[in-house]
Amino acid sequence: MSFSNSTLSVNGRQIELPQKDGTIGPSVLDIGKLYAQTGLFTYDPGFTSTAACESKITYIDGDEGILLYRGYPIEQLAEHGDFLETCYLLLYGELPTAAQKADFDYRVTRHTMVHDQMNRFFQGFRRDAHPMAIMVACVGALSAFYHDSTDITDEKQRMVASMRMIAKMPTLAAMAYKYSIGQPFVYPKNDLDYTSNFLRMCFAVPCEEYHANPVLARALDRIFILHADHEQNASTSTVRLAGSSGANPFACIAAGIACLWGPAHGGANEAALKMLEEIGRPERIPEYIAKAKDKNDPFRLMGFGHRVYKNYDPRARIMAKTTHEVLAELGIKDDPLLDVAVELEQIALKDEYFVEKKLYPNIDFYSGITLKAMGFPTSMFTVLFALARTVGWIGQWAEMIEDPSQKIGRPRQLYVGPPKREYVSISQRG
Ligand code: SDX
């Protein structure tokens, strides 16, 4: 990392701001001492120009549409690896050897069961509870069951909590789905791979044998790889901020799930499918394009646009290819939603509004079509996003905890409220 300085002139004073250069990507100006030197804060509410941390995990080049996990292109990881290999890479920084991969798979597999009293936890929910509400509650509640892995100062406990989170998210997600359809929970099986195990926990019933379609299992495993991490997005930043106070990892991940739920973030996959269903047929696309461009209309094309990508989201390309693979495997010749999505993308990408604002499909644009075709209800789409993103949240959380310079995150503000004033008793108020 190389350093140089930039000079800022503030009220006639010259302030030196150290510049830090990373491996690749934008350099940063360290403003840590700015307030002490000038009495001024910087102001960047949406963090559009603010780096909140150093990280070695994920790199995004939004202009070029590049995504690297620990330096490896997402396209290569999605093509050649599996989700647990990506989990190992994100957590430990290197691709595993065959022995390391076998050991990691073994360890994750043997943490997939949840404490049986979790079953009673579900009984408190209405059957029509949104599965994301259940996930926020149940993941936060894991800290009530696993006291032996909540001490964040103990490296071994951090590792156990990480493995538990990665391993138990599919089990809890499947339980949330089963509970919503009134079917009995299905326990994980140790002789299945991670994603086949998840599919079986979701779609098996006690009355007959279930074997996951290997093409669908491979496709879903790839979808998990695409969703695994994404730099300092809103939910990851939430996990980091929660973790900076020393909160236990289960509570931090629950905070990340809550943030991901929003339709501007992970909730967009559910919203995008609902949007495609509302549009219904290609002839109605112009009406919705007009709504998306109308400043007075809050409607936005869900699954389009991105804070960082000002080019095609590389994950959306792989997602689109996977969609076609899954529909072909299921013998779905013409999916009306896919017809609308493909036509909508083609129209939007030629429209000057979208071109000028550099709005492209993001990962959420095609994922819903694929997940619906696989049999998941729309309400489960963001749960699957959370399942996959758990490894990214855990990896970023661990990186922060292990950073010796780490301190509690505590932003300041620009105060625009009333100046100091004296209390008036109620009898004196008008
Ligand atoms: C994810 O950060 C991550 O990495 C997130 C994520 C991850 O893996 O963690 O990639 C996952 O959250 C993907 C994004 C999913 N969200 C959606 O698809 C919802 C629809 N998209 C938008 O809400 C929006 O694009 C955001 C929230 C994704 C990004 O918003 P920004 O960066 O704050 O951009 P902006 O709202 O300032 O938009 C810039 C302009 C605005 O117009 P002007 O005010 O400049 O005139 O583009 C317009 C916006 O109105 N715009 C859109 C639009 N997205 C932006 N107009 C119509 N439809 C859209 N989808």
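# Exercises on a ligand site and its protein chain

In this predicted model, an oxygen atom of the ligand is 2.9 Å from an N or O atom in the side chain of His 265, which falls within the limit for a polar contact (a pair of N or O atoms within 3.5 Å; within protein, one must be able to donate a hydrogen and the other to accept it, and residues adjacent in sequence count only if both atoms are side-chain atoms). Residues are numbered from 1 along each chain as its sequence is written, and side-chain values use heavy atoms, with hydrogens and water left out. Because the model is predicted, local features need pLDDT of at least 70 and side-chain atom pairs count only at pLDDT 80 or more, whereas totals for chains, interfaces and linings use all residues.

## Exercise 1: the ligand shell

Describe the residues that surround the ligand, and state how much of the ligand the protein covers.

Step 1. A residue is near a molecule or strand if one of its heavy atoms lies within 4 Å of it, and 24 residues surround the ligand, the closest being His 230, His 306, Arg 307, Arg 315 and Arg 389.

Step 2. The shell divides into 10 nonpolar, 7 polar and 7 charged residues, where Ala, Val, Leu, Ile, Met, Phe, Trp, Tyr, Cys and Pro count as nonpolar, Asp, Glu, Lys and Arg as charged, and the others, Gly among them, as polar.

Step 3. Gly 303 places a backbone N or O atom 2.8 Å from an oxygen atom of the ligand, while for Arg 315 a polar side-chain atom lies 2.7 Å from an oxygen atom of the ligand.

Step 4. On its own the ligand has 1000 Å² of accessible area, of which the protein covers 78%; accessible areas come from the Shrake-Rupley method with a 1.4 Å probe, and for residues only the protein chains shown count as cover.

## Exercise 2: the setting of Arg 315

Locate Arg 315, and decide whether the residue is buried or exposed.

Step 1. Arg 315 is found in helix H14, residues 314–329; helices (H or I, at least four residues) and strands (E, at least two) are DSSP runs, numbered from the N terminus.

Step 2. With a relative accessible area of 2%, Arg 315 is buried, given that buried means under 20% relative accessible area, exposed over 50% and partly exposed in between (1.4 Å probe, protein chains only).

Step 3. The side chain of Arg 315 is also joined to that of Asp 313 by a polar contact of 2.7 Å.

Step 4. Tyr 312 lies in the loop between helix H13 (285–293) and H14 and, at 9% relative accessibility, counts as buried.

## Exercise 3: helix H9

Check whether the length of H9 agrees or disagrees with its number of residues, and describe its cover and its N-terminal end.

Step 1. The expected span of a helix is 1.5 Å times one less than its number of residues, so the 14 residues of H9 (214–227) should span 20 Å, and the end C-alpha atoms are indeed 20 Å apart.

Step 2. H9 is mostly covered, with 11 of its 14 residues buried, including Leu 216, Leu 220, Ile 223 and Phe 224.

Step 3. An α-helix has 3.6 residues a turn, so residues three or four places apart point the same way.

Step 4. The N-terminal end of H9 is capped by Asn 213, which has a side-chain oxygen 2.7 Å from the backbone nitrogen of Val 215.

## Exercise 4: the whole chain

Give the overall make-up of the protein chain and compare its radius of gyration with the globule rule.

Step 1. The protein chain has 18 helices and 6 strands.

Step 2. The radius of gyration is 23 Å, close to the 22 Å that the globule rule gives for 430 residues, so the chain is as compact as a globular protein of that length; the radius is taken over C-alpha atoms, and the rule is 2.2 Å times the number of residues to the power 0.38.

Step 3. Along the principal axes the C-alpha atoms fill a box of roughly 75 × 65 × 55 Å, and 47% of the 430 residues count as buried.

## Exercise 5: two loop residues

Find where Asn 11 and Arg 281 lie, and describe each residue.

Step 1. Asn 11 is in the loop between strand S1 (3–10) and strand S2 (13–20); its phi is near 45 degrees, a positive value in a residue other than glycine, and at 73% relative accessibility Asn 11 counts as exposed.

Step 2. Arg 281 lies in the loop between helix H12 (268–279) and H13 and is partly exposed, with a relative accessible area of 45%.

Step 3. Although Arg 281 and Pro 336 are 55 residues apart along the chain, their C-alpha atoms are separated by 7.0 Å.
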